[in-house]
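Visitor: Hi! I'm new to looking at structures, so could you walk me through this one?
Guide: Happy to. Let's bring it up and take your questions as they come.
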Amino acid sequence: MNFDDLPQLEPLPLIPEQEEDKELFYPSWQCFCCQDSGIVQQHLARLIMPKYSWNNDKWPACQNCDAFNQRWGDAGLQNFDTRFNLKICQKLDLISRDDWQQTVQRQIDIRAIASASETIAKKMTMPGSSDRTANDEREVQQRKQEAEAYDWAAATTAYLGGGEDE
Ligand SMILES: [Zn+2]
């Protein structure tokens, strides 16, 4: 047997190389209090009830939107915590909206930094590829504009304007 003529192969990566996902994550729900689930998000509920446990306690019904009625209306109100009135839920919605806005802004900042360092790395390995730099810069600017164009207040205004008074 001749062991010298074994074939030489390139390894096959498990995860194919691909363009990293460049889409920013924007929350798609209408209600930031319950994320359209009808149940107030646990971390928000804890602002009102610090000891609240998703596992052990009645879930607070969101009264900032219609999702609770639609999804849980048949389940019986006695099974839920209904003390989170419209005003509380609206405040939680605003707090969460603010959090998300910062989260998206952070994503943009991180990407801008990553893109900038990538550009520097490319410059060092490939001198003379300056048009690539311009493209990166344009992309960063475009993302910034996207974030600025996203109307964070729109849904809130709709809720606050349309809600009935207590
Ligand atoms: Zn809601």
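Visitor: Which residues coordinate the zinc ion?
Guide: C31, C34, C62 and C65 do, each through its SG atom, at 2.3 Å. Keep in mind as we go that this is a predicted model.

Visitor: And what geometry does the site of the zinc ion have?
Guide: The site is tetrahedral, with angles of 101 to 117° among the 4 donor atoms. For four tetrahedral donors, the ideal angle is 109.5 degrees.

Visitor: How are the donor residues spaced in sequence?
Guide: The spacing reads C-x2-C-x27-C-x2-C. C31 sits in the segment before α1 (42-48), while C62 is in the loop between β1 (59-60) and α2 (67-72), so this pair ties together parts that are 31 residues apart in sequence.

Visitor: Are C31 and C62 buried or exposed?
Guide: Both C31 and C62 are buried.

Visitor: OK, something else. Where is N64 found?
Guide: N64 is in the loop between β1 and α2.

Visitor: Is N64 buried or exposed?
Guide: N64 has a relative accessible area of 5%. Buried means under 20%, so N64 counts as buried.

Visitor: What does the side chain of N64 make a polar contact with?
Guide: Its partner is the side chain of D93, at 3.2 Å.

Visitor: Let's switch to the rings. How many aromatic pairs does the structure hold?
Guide: There are 6 aromatic pairs. One of them joins W29 and W100 edge-to-face, at 5.3 Å centre to centre and with 70° between the planes.

Visitor: Where in the chain are W29 and W100?
Guide: W29 is in the segment before α1 and W100 is in helix α3 (residues 86-125), so the pair links distant parts of the chain, 71 residues apart. Both W29 and W100 are buried.

Visitor: Got another pair to show me?
Guide: Sure, try W59 and W72. These two are also edge-to-face, with 5.7 Å centre to centre and 90° between the planes. W59 lies in strand β1 and W72 in helix α2, so the pair ties together parts that are 13 residues apart in sequence.

Visitor: What are the relative accessible areas there, starting with W59?
Guide: W59 has 24%, which makes it partly exposed. W72 is partly exposed too, at 27%.

Visitor: Last one: which residues form one aromatic cluster with W59 and W72?
Guide: W54, F68 and F80 join W59 and W72 in that cluster.

Terms used:
Residues numbered from 1 in each chain as written. Predicted model: local features only at pLDDT ≥ 70, side-chain atom pairs only at ≥ 80, totals over all residues. Heavy atoms only, no water. Donors = N, O, S within 2.8 Å, 3.2 Å for Na, K, Ca; no water. Tetrahedral: all angles 85-135°; square planar, octahedral: opposite > 155°, others 65-115°. Helix = DSSP H or I, 4+ residues; strand = E, 2+ residues; numbered from the N terminus. Buried < 20%, exposed > 50% of the residue type's maximum accessible area, 1.4 Å probe, protein only. Polar contact = N/O pair within 3.5 Å; in protein donor to acceptor, adjacent residues only side chain to side chain. Phe/Tyr/Trp six-rings, centres within 6.5 Å; stacked < 30°, edge-to-face > 60°.
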